[in-house]
Amino acid sequence: MLSVFAQAIRTPDLRTKIFFAVGMLLVYRVGAYVPTPGVDYVAIQTCVQQVSNDSLYSLISLFSGGALLRLSIFALGIMPYITASIILQLLTVVIPRLENLKKEGQSGQARITQYTRYLTLGLALLQCTGIIALARTPGQLFRGCNEQLLPDQSIQVLLTMVLVMTAGTGIVMWLGELITDRGIGNGMSLLIFTSIVAGFPGQLSQIVAVHGTWTLAVVLAVGLVLIMLIVLMEQAQRRVPVQYAKRMVGRKQYGGTSTYIPIKVNQAGVIPVIFASSLMYLPVLFVTLTGSTGGFARWVDTHLLRGQSVTYAAIYFSLTVFFTYFYVAITFDSHEIADNMKKYGGFIPGFRAGKQTEQYLDYVLSRLTAVGSVYLASIAVLPLVAFASFGNAQNFVFGGTSIIIMVGVGLDTVKQIESQLQQRSYEGFLR
């Protein structure tokens, strides 16, 4: 990996792209510290310190790098765009119009991207309105903190805050697209990566201050093992062989080649972990916002709030497995793949084209998904189990969601740089 980056830095145009991407990431991190007009920054800092050990707020600030808790201009970060992308991806399976756009190629994808932008701004408007409504009342946005976050609550100030935070989401989306188009690619993923990594120094220093250097060494050792395991599993795939029959078109012969369909063990990526972790925090969020003190609230406080109980781990594990199967089922269309193979004269050796090929692909996918779902669930739960004894599970820097995202984005970025280096090598050879 280091050799790839060293070679990229020595390539002039690729070096320019890398520096441009780094510059956009710096702009994104600076914006995460610029407070929204009308916010009492001192009061915000006081409340953030009080809830620093709360697992609910740790999840909330994960994808924004702490910008959401600071109520900065980039408070919502990239999460509205991620939510909009997931919604449209799910709707593509349900709405025929979107499915047809997806099949149209580049022009159809451009229309879907435009819909994603509109939906992102709509979601950002709703989310920042809800956040500002909570911030108006002391103790609502930050549980147990009675500081006055918004000294001036006039209509003009509140509308200005809503517009600034919504515009901030649009700027973040624009920065991500700039990195994708003019940088090294994976713009949105790099923004998430930056937000997660930004919280590492503070979390590491907190572990040293509370538990000592020995615990930090154990955390780093377990994190290194997890990274090695994730790299292995993220690269693992089952290659289903495909043979294309020879056919004559005019006086030319086509086909007769062999290829394969790569089916990854982790076909769903990190989406199931995000779904499961979000669903796990809905009861905590409900109890927090309603102020309930009944039996359900006590059960949530005992089993879900701190994320260290056996019940929490079991539910989290089960939800991750379920969402892995669910997401793979709606994103991998074995029927469409089998039809395309049949249309172009392709077949899997030993299986007839059409229905039999579709059944075989479903069989292979179900077996791989079983391994992938257990892998994802284990990565998500392992930090909770391993560090519950240290009383620091909710602040573990190598949490399941964050580490999978970091490794996945890192691998994709290296592949992007390698592909651009290879492209330039071929161009130099042809010259």
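The following dialogue discusses how to read several features of a predicted model.

Student: Let us start with the interior. Which residues have the most contacts inside the largest nonpolar core?

Tutor: The general idea is that in soluble globular proteins, nonpolar side chains tend to be buried together. In this predicted model, the largest nonpolar core has 78 residues, and those with the most contacts inside it are Ile78, Val240, Ile263, Tyr316, Ile403 and Ile404. Another core, of 25 residues, lies apart from it; Leu76, Ala124, Ala135 and Met161 are among its members.

Student: Tyr316 is in that list. Which residues of α15 are buried?

Tutor: The buried residues in α15 are Tyr312, Ala313, Tyr316, Leu319, Thr320, Val321, Phe323, Thr324, Tyr327 and Val328. Tyr316 thus appears both here and among the residues with the most contacts inside the largest core.

Student: How should the length of such a helix be read, and what span does α15 reach?

Tutor: One compares the distance from the first C-alpha to the last with the span expected at 1.5 Å a residue. Helix α15 covers residues 310-331, which is 22 residues, and reaches 32 Å, close to the expected 32 Å. Helix α11 (residues 200-211) can be read in this way too: its twelve residues reach 16 Å, close to the 16 Å expected.

Student: Which residue follows α11, and what is the sign of its phi?

Tutor: Gly212 follows α11, and its phi is positive, near 100°. A positive phi also occurs in a residue other than glycine: Leu71 has a phi near 55°. Leu71 sits in the loop between α5 (67-70) and α6. Leu71 counts as buried because its relative accessibility is 1%, and buried means under 20%.

Student: Let us turn to charged pairs. How many salt bridges does a search of the whole structure find?

Tutor: The search finds two. In one of them, Arg117 pairs with Glu177, and the closest N and O atoms are 2.9 Å apart. Arg117 belongs to helix α8 (residues 106-135) and Glu177 to helix α9 (residues 155-182), so this pair ties together parts that are 60 residues apart in sequence. As for burial, Arg117 is partly exposed at 27% relative accessibility, whereas Glu177 is buried, with a relative accessible area of 17%.

Student: Which parts of the chain does the pair of Glu234 and Lys264 link?

Tutor: The side chains of Glu234 and Lys264 meet in a salt bridge at 4.0 Å, N to O. This pair links distant parts of the chain, with Glu234 in helix α12 (residues 213-235) and Lys264 in strand β4 (residues 258-264), 30 residues apart. Glu234 is buried at 10% relative accessibility, while Lys264 is partly exposed, with a relative accessible area of 33%.

Student: A polar side chain may also face the backbone. What lies 2.6 Å from the backbone oxygen of Leu88?

Tutor: A polar atom of the side chain of Thr92 lies at that distance from the backbone oxygen of Leu88. Thr92 is in helix α6 and counts as buried at 10% relative accessibility. A second case is found in helix α17, where Thr369 is placed: a polar atom of the Thr369 side chain lies 2.6 Å from the backbone oxygen of Leu365. Thr369 is buried as well, at 5% relative accessibility.

Student: How does one read a pair of residues that are apart in sequence, and what separates the C-alpha atoms of Leu376 and Ile404?

Tutor: One sets the separation along the chain beside the distance in space. The C-alpha atoms of Leu376 and Ile404 are separated by 8.7 Å, and the two residues are 28 residues apart along the chain. Leu376 lies in helix α17 (residues 355-387) and is buried, with a relative accessible area of 0%. Another pair is Arg182 and Ala21, 161 residues apart in sequence and 8.0 Å apart in space, C-alpha to C-alpha. Arg182, in helix α9, counts as exposed at 53% relative accessibility.

Student: Finally, the surface. Which residues form the nonpolar patch there?

Tutor: The patch consists of Ile87, Leu91, Val93, Val94 and Ile95, which together have about 380 Å² of accessible area. Val94 is placed in helix α6 (residues 79-94). Val94 counts as exposed because its relative accessibility is 63%, and exposed means over 50%. Thr92, also in helix α6, is by contrast buried.

Conventions:
Residues are numbered from 1 along each chain as its sequence is written. This is a predicted model: local features need pLDDT of at least 70, side-chain atom pairs count only at pLDDT 80 or more; totals for chains, interfaces and linings use all residues. Side-chain values use heavy atoms; hydrogens and water are left out. Patches are made of residues with over 30% relative accessible area and no salt bridge: like charges are joined within 9 Å, nonpolar side chains (Val, Leu, Ile, Met, Phe, Trp, Tyr) within 5 Å. Accessible areas come from the Shrake-Rupley method with a 1.4 Å probe; for residues, only the protein chains shown count as cover. Helices (H or I, at least four residues) and strands (E, at least two) are DSSP runs, numbered from the N terminus. Buried means under 20% relative accessible area, exposed over 50%, partly exposed in between (1.4 Å probe, protein chains only). The expected span of a helix is 1.5 Å times one less than its number of residues. A nonpolar core is a set of buried Ala, Val, Leu, Ile, Met, Phe, Trp, Tyr and Cys residues joined through side-chain atoms within 4.5 Å. A polar contact is a pair of N or O atoms within 3.5 Å; within protein, one must be able to donate a hydrogen and the other to accept it, and residues adjacent in sequence count only if both atoms are side-chain atoms.
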